[in-house]
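Okay, thanks everyone, I'll keep this short. Have a look at the structure on the screen while I talk.

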Amino acid sequence: LEFRRVLFRSVSEGVEVLASVDDKIVAARYKNQIGLAFHPELTDDTRIHEYFLSMVQGAQNLSLKIVS
């Protein structure tokens, strides 16, 4: 896995750390945003894509409940 130059130094309250490597934060989520220090599309691992799709699905389900 090759990392971009930008890594997270720390996270604020409300930010969920999704992944770390060697004690360095490489993926985080804040509300409906995901920040990554790597390019998941360059690997065969689809977990980040699946996680993103589950976020979208959850948001769609929530909006349907609000509208109904």
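I'll go through the overall layout, then the pocket, the salt bridge and a surface patch.

One thing up front: this is a predicted model, so please listen with that in mind.

So, the layout. The chain has three strands and one helix, and if you walk along the sequence you read β-β-β-α. There are 68 residues in the chain, and buried ones make up 13% of them.

Let me show you one of those buried residues. Ala-28 sits in strand β2, which covers residues 24-30. Why does Ala-28 count as buried? Because its relative accessible area is 6%, and the cut-off for buried is under 20%. Now look across to Val-17: Ala-28 and Val-17 are 11 residues apart in sequence, yet their C-alpha atoms are 4.4 Å apart in space.

Okay, on to the pocket. The largest one has a volume of about 250 Å³. Who lines it? There are 13 lining residues, and the ones nearest the centre are Ala-19, Phe-38, Asp-45, Arg-47 and Ile-48. Two elements give two or more residues to that lining, namely β1 (15-21) and α1 (47-67). Of the elements, β1 gives the most, with four residues. If you sort the lining by class, you get nine nonpolar residues, two polar and two charged.

Keep your eye on Asp-45 and Arg-47, since we've just met both at the pocket. What do their side chains do? They meet in a salt bridge, at 2.5 Å from N to O. In general, side chains of opposite charge can pair when their charged atoms come close. And how many salt bridges does the structure hold? Just one.

Are the two partners buried or exposed? Arg-47 counts as exposed because its relative accessibility is 60%, and the line for exposed is drawn at over 50%. Asp-45, at 33%, is partly exposed.

Last stop, the surface. Phe-52, Leu-53 and Val-56 make a nonpolar patch of about 270 Å². Take Leu-53 from that group: its place is in helix α1, and α1 is one of the elements we saw lining the pocket. Leu-53 counts as exposed, because its relative accessibility is 55%.

So if you want to click around afterwards, try the Arg-47 and Asp-45 salt bridge, and then the patch with Phe-52, Leu-53 and Val-56. That's all from me, happy to take questions.

How values were computed: Residues numbered from 1 in each chain as written. Predicted model: local features only at pLDDT ≥ 70, side-chain atom pairs only at ≥ 80, totals over all residues. Heavy atoms only, no water. 1 Å grid on protein atoms, 1.4 Å probe; cavity = no way out; pocket = protein on both sides within 12 Å on 5 of 7 lines; lining within 4 Å. Points joined across faces, edges and corners; volume = space filled by probe spheres on them. Nonpolar A, V, L, I, M, F, W, Y, C, P; charged D, E, K, R; others polar. Patch = residues over 30% accessible without salt bridge, like charges linked within 9 Å, V, L, I, M, F, W, Y side chains within 5 Å. Areas by Shrake-Rupley, 256 points an atom, 1.4 Å probe, with all protein chains shown as cover. Salt bridge = Lys/Arg side-chain N within 4 Å of Asp/Glu carboxyl O. Buried < 20%, exposed > 50% of the residue type's maximum accessible area, 1.4 Å probe, protein only.
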